[in-house]
Amino acid sequence: MITTKTKSAPAWTRRSPATRPGAEPMAIRGHWLLCAVCARGGCRTPPPGRVAIDRLLKFMWAYPFAPLRVLGDVDVARAHYLHAYEGRSSRDLPEGFAARSADHAWRRKDLEVCRVLGIVPGTEITAYHAYATLFARQPTLEGICRTGSRPSTDWPECPHARRGCYEKIAGEPRANLHRQYELGEKLAGRGLWAMVRPRSRRDMHGAKRRSARFILEEAERLYIRPSHCLCILCNTVDDPGREPLAEDNLVELFRRMTREPEVPVTLSEGCCMVCDACNVYHAGEHLCYHAHIKSSLRDLMVLERLGLPPGATLPARELYRRIYERIGGLKEICGWRDGSSTAHLWAPCNFDRPVLADARRKGLITGRPVRHVGSRA
Ligand code: SF4
Ligand code: SF4
Ligand code: SF4
C-alpha cells in the first residue's frame, strides 16, 4: 500500500486524537440516534435539544468510525414494587427514581433503538454501524415514534413524528461502492451519508491513480490482507482479462501476480493495497469503517487455514497454491462456515458461487490446476 496522506489532505482525512484507537465513546440515549436523523431531515426542534443533537452530528461527521455508547435505562425497573409504590424504603430505590420512572415514554424509545440495533443498553458501537443497521432495519418511524396507540397525556406523540423528516433520510436507497466512488461528496446528505461524511471524488480518484500505478509498475512486494486474496479471485475468476474496477485495486493485484507469479506477497492484517481508493477507507486512521471488524476475523480465519502468521511473506504462486489446497469454498470464510448472520455488521458475503473450485481448476495465478486436499495434515 502507498500512503494517501499528503500535506494538502483535508483535516478530516488525517488521524485525530479524538478518534485514536480506544478513544472515549460519546454517551447518548438511544432515541437521540433517531432524533439526529430527523434533524438532518429538516426538524429544527428535536426533543433532546438542538445543542445535544448538533454535538452528536458534529462528532459523527468528524469521523464515521466515531464510537457511541448507546444508553437505555433498564435499571430503574429493578426497584422492588413495594419500595417504588408503597414507599417502604426509599433508601433502596435507584438514584433519581422518580424522574427516571416518569421518563417512561423516552425510555421506551431508547430500548426500541437498542432492540433494532440488537445490543444491550450501554453497548459501544461505531456511528457508521449504528446507522447502517438502523436504516436497514428501521427505514420509518413506524412503531417507535408513530405507534398507532390512542393518544394520551402519559404517552404523547412527538409533534415531528408525521412530518417525514426521518423517512427522507433513512428511506434513501443505499449506493454500492462503485456508485459511492462516482458520487463522492455529492452523496453528502443522502441516506447513511447524511450522518457520516463521504470521501471527496478528488481524494478517491487521486488515490486510485497513485496506488494502481504503484502496484502495476513500482512495488517490489505486494501487501494484501488475507481475506482480500479470496476477493481477488471472486472478482476475476469469470473474466480474468476484465478491466480494473474504479473503486479498488483487486484487478490490478490479480494482473501483477498473474504476470509475475514469483512476486513476494506479504499477508498484512487490516487494509491493504486493495483499499486506497475506496469510499469507506479512511487513510488517516488506516481503516475500513464498513468492514474492519468482520474482515479482521476473516483475515485470521484465512491465515489459520494457510498455517501462516500475520506478516508472512511468500511468492504469489505459492500463496495461491496453499489457498487452493487448503480452503474448499468461500462459505468456509465469507459465510462463517454455516451461512449464519448473527448481526448486521457480521453479515456474510455472497459465498454461494463456486469461485474457489473454478479458480483452482483454471490454475489462476498458480499457472496450473491445484487439487483441494483440506487444511488438516
Ligand atoms: S419524531 Fe421521534 S425521532 Fe423525530 S424528533 Fe420526534 S422523537 Fe425524535
Ligand atoms: S464472497 Fe468473500 S471473497 Fe467474495 S467478495 Fe465477498 S468477501 Fe470477498
Ligand atoms: S476492505 Fe473496505 S476499504 Fe478495503 S476495499 Fe473492501 S470495502 Fe473498501
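In this predicted model, the shell around ligand 2 holds seven nonpolar residues and one polar residue, with no charged residue. Which residues surround ligand 2? They are Leu-230, Cys-231, Cys-234, Leu-330, Cys-334, Cys-349, Asn-350 and Phe-351.

**The other ligands**

Ligand 1 sits among Leu-34, Cys-35, Cys-38, Cys-43, Pro-46, Pro-47, Leu-141, Cys-145, Cys-158, His-160, Ala-161 and Tyr-166. Helix H1, residues 30-40, gives the largest share of that shell: three residues.

Ligand 3 has its own set of surrounding residues. They are Asp-248, Cys-271, Val-274, Cys-275, Cys-278, Val-280, Tyr-281, Cys-288, His-290, Ala-291 and Ser-295.

The table sorts the shells by residue class.

| Ligand | Nonpolar | Polar | Charged |
|---|---|---|---|
| Ligand 1 | eleven residues | one residue | no residues |
| Ligand 2 | seven residues | one residue | no residues |
| Ligand 3 | eight residues | two residues | one residue |

**The chain as a whole**

The chain has 14 helices and eight strands. Its C-alpha atoms fill a box of roughly 80 × 50 × 35 Å, taken along the principal axes. Of its 377 residues, 38% count as buried.

**The sheet S1-S2-S3**

Strands of a sheet pair through backbone hydrogen bonds, either parallel or antiparallel. One open sheet has three strands in the order S1-S2-S3, and its pairing is mixed. Strand S1 (26-29) and strand S3 (123-126) stand at the edges. Each has a single partner strand, so one side of each is left without a neighbour in the sheet. On average, neighbouring strands here are turned by 40° against each other, direction ignored.

Take the two pairings in turn. S1 and strand S2 (residues 67-71) pair in the parallel sense, over four bridges. Met-26 stands opposite Leu-68 in S2. Ile-28 has Val-70 of S2 as its bridge partner. On the other side, S2 and S3 run antiparallel and are joined by four bridges. There, Val-70 stands opposite Thr-123 in S3.

Now look at the side chains. In a regular strand they alternate between the two faces of the sheet. Which side chains of S2 point to the face where they are buried? Leu-68 and Val-70 do. Pro-67, Arg-69 and Leu-71 point to the other face and are not buried.

**The sheet S4-S5-S8**

A further open sheet has three strands in the order S4-S5-S8, again with mixed pairing. Its edge strands are S4 (222-224) and S8 (313-315), and each pairs on one side only. Neighbouring strands of this sheet are turned by 35° against each other on average, direction ignored.

Strand S5 (residues 264-267) runs antiparallel to S8, and three bridges join the two. At one of the paired positions, Pro-264 has Pro-315 in S8 as its bridge partner.

**The nonpolar core**

How many residues does the largest nonpolar core have? It has 93. The residues with the most contacts inside this core are Leu-34, Ala-36, Ala-127, Tyr-131, Ile-224 and Leu-253. H1 supplies the largest share of the core, eight residues. The core draws at least three residues from each of domain 1 (11-194) and domain 2 (201-362).

H1 thus turns up in two places. It gives the largest share of the ligand 1 shell, and it gives the largest share of this core. Leu-34 also appears twice: it is one of the residues around ligand 1, and it is among the core residues with the most contacts.

**Two residues compared**

Tyr-128 is found in helix H6, residues 127-137. Is Tyr-128 buried or exposed? It counts as buried because it has 21 C-beta neighbours inside 10 Å, and the cut-off for buried is 20 or more. From Tyr-128 to Val-302 the separation is 174 residues in sequence and 26 Å in space, C-alpha to C-alpha.

Arg-242 lies in the loop between helix H10 (226-234) and helix H11 (250-259). This residue has 13 other C-beta atoms within 10 Å, so it is partly exposed. A residue with 12 or fewer would count as exposed. Arg-242 and Ser-89 are 153 residues apart in sequence and 75 Å apart in space, C-alpha to C-alpha.

Technical notes:
Residues are numbered from 1 along each chain as its sequence is written. Chains are lettered from A and ligands numbered from 1 in the order in which they are written. This is a predicted model: local features need pLDDT of at least 70, side-chain atom pairs count only at pLDDT 80 or more; totals for chains, interfaces and linings use all residues. A residue is near a molecule or strand if its C-beta atom, placed from the backbone, lies within 6 Å of it. Ala, Val, Leu, Ile, Met, Phe, Trp, Tyr, Cys and Pro count as nonpolar, Asp, Glu, Lys and Arg as charged, and the others, Gly among them, as polar. Two strands pair if DSSP finds at least two bridges between them. Axes are lines fitted to C-alpha atoms, for helices over the stretch in contact, and angles run from 0 to 180 degrees between N-to-C directions. A nonpolar core is a set of buried Ala, Val, Leu, Ile, Met, Phe, Trp, Tyr and Cys residues joined through C-beta atoms within 7 Å. Domain bounds come from an automatic or database domain assignment.
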